[in-house]
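The exercises below are meant to be worked through with the sequence and the structure side by side. Try each task before reading the solution that follows it.

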Amino acid sequence: LSMLVLAGCQGADVAGPEPTLHLSQESDSLGGDDDKGSVRGEISSPSGTGRRVVTIQARQKRNGEVRGGYRIELTASGVFFEVTASCVVTVGNVAWVGGHISATNSTAIQIGSVSYFYLIDNGKTRRHQPTADVISTARINDQAGRDIEFCTTRPLQLPALTGLEGDIRVK
């Protein structure tokens with residue numbers, strides 16, 4: 001069923017995968033004083049007979065420089081794609097992240113096209129256990145410039161996923 005979703009990908013939403021994202025050694029510097037916004041972590045949700053796993057490590061500095069990206073994988077099918085971030089905007093505990101698809105193992109996903117999604121970091125409980133964060137489906141194969149439009153307009157209209165496990169941090 002997930003492959004059917006991917007087959008009609010022009011501007012499609014994808015309920016994604018299980019990752020092994022190794023973006024760089026910048027994880028220690030995420031959330032620094034010179035950052036405009038940053039987000040990192042791993043979160044997964046049910047998807048068919050497997051999981052949709054999102055691994056993210058991205059930041060935008062005050063000077064506009066963007067670093068990092070994200071990986072989404074569907075564990076049941078093994079389909080994945082990786083995105084180099086072009087924008088990261090945070091407002092409170094909400095982050096909007098967009099970029100360009102840089103790697104995939106699916107012919108239905110177009111390298112160089114735009115992908116984006118939003119997420120909400122609901123923090124931790126008094127006992128320091130993560131609470132249920134929120135993440136939207138990821139838009140894929142969108143047109144150039146739609147990533148920046150998404151981060152600028154900051155919509156919350158993409159469908160949110162349920163049954164989440166893991167933790168993300170928005171700063």
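## Exercise 1: Charged pairs

K61 and E65 form a salt bridge, in which the closest N and O atoms are 3.8 Å apart. The model is a predicted one, and the values used here are computed from it.

**Task.** Decide whether K61 and E65 are each buried, partly exposed or exposed.

**Solution.** Step one is to recall the cut-offs, by which buried means under 20% relative accessible area and exposed means over 50%, with partly exposed in between. Step two is to apply them to the lysine: K61 has a relative accessible area of 16%, and therefore counts as buried. Step three is to do likewise for the glutamate: E65 has 27%, so this residue is partly exposed.

**Task.** Find out which parts of the chain are linked by the salt bridge of R51 and E165.

**Solution.** Begin with the distance, since the closest N and O atoms of R51 and E165 are 3.8 Å apart. Next, place the partners: R51 belongs to strand β3 and E165 to strand β10, so that the pair links distant parts of the chain, 114 residues apart. Finally, look at the exposure of each partner: R51, at a relative accessible area of 22%, is partly exposed, and E165, at 48%, is partly exposed as well.

**Task.** State how many salt bridges the structure holds, and which residues are joined into one network.

**Solution.** The count comes to 8 salt bridges. One of these is formed by E73 with R71, where the closest N and O atoms are 3.1 Å apart, and both of these residues are buried. As for the network, R139, D142, R146 and E149 are joined into one by salt bridges that share partners.

## Exercise 2: Strands and hairpins

**Task.** Work out the order of the secondary structure elements along the chain, then describe how β5 pairs with β4 and with β6.

**Solution.** The first step is the inventory, which comes to 2 helices and 10 strands; read from the N terminus, the order is α-β-β-β-β-β-β-β-β-β-α-β. The second step concerns β4 and β5, which run antiparallel and are joined by 5 bridges. Within this pairing R71 has E82 in β5 as its bridge partner, and R71 is also the residue that forms a salt bridge with E73. The two strands make a hairpin with 5 residues between them, and G78 in the turn has a positive phi of about 80 degrees. The third step moves on to β5 and β6, whose antiparallel pairing extends over 10 bridges, with V88 standing opposite V97 in β6. This hairpin has 2 residues between the strands, and here G92 takes a positive phi near 65 degrees.

## Exercise 3: The buried interior

**Task.** Identify the element that gives the most residues to the largest nonpolar core.

**Solution.** Start from the whole chain, in which buried residues make up 48% of the 171 residues. The largest nonpolar core has 26 residues, and those with the most contacts inside it are V39, I56, Y70, F81, F117, L119 and I135. Elements that give two or more residues to this core include β2 (35–47), β3 (50–61), β4 (66–74) and β10 (165–170). The element sought is β5, which gives the most, with 4 residues. A second, separate core of 11 residues includes C87, V94, C151 and L158.

**Task.** Explain which parts of the chain are tied together by the disulfide of C87 and C151.

**Solution.** First, confirm the bond: C87 and C151 are joined with their sulfur atoms 2.1 Å apart, and the disulfide count comes to 1. Second, consider its geometry, in which the link is right-handed, with 70 degrees about the S-S bond. Third, locate the two ends: C87 lies in strand β5 and C151 in helix α2 (residues 146–153), so the disulfide ties together parts that are 64 residues apart in sequence. Last, check the exposure of the two cysteines: C87 is buried at a relative accessible area of 4%, and C151 counts as buried at 3%.

Definitions and conventions: Residues numbered from 1 in each chain as written. Predicted model: local features only at pLDDT ≥ 70, side-chain atom pairs only at ≥ 80, totals over all residues. Heavy atoms only, no water. Buried < 20%, exposed > 50% of the residue type's maximum accessible area, 1.4 Å probe, protein only. Core = buried A, V, L, I, M, F, W, Y, C linked by side-chain atoms within 4.5 Å. Salt bridge = Lys/Arg side-chain N within 4 Å of Asp/Glu carboxyl O. Pairing = 2+ DSSP bridges. Disulfide = S-S within 2.5 Å.
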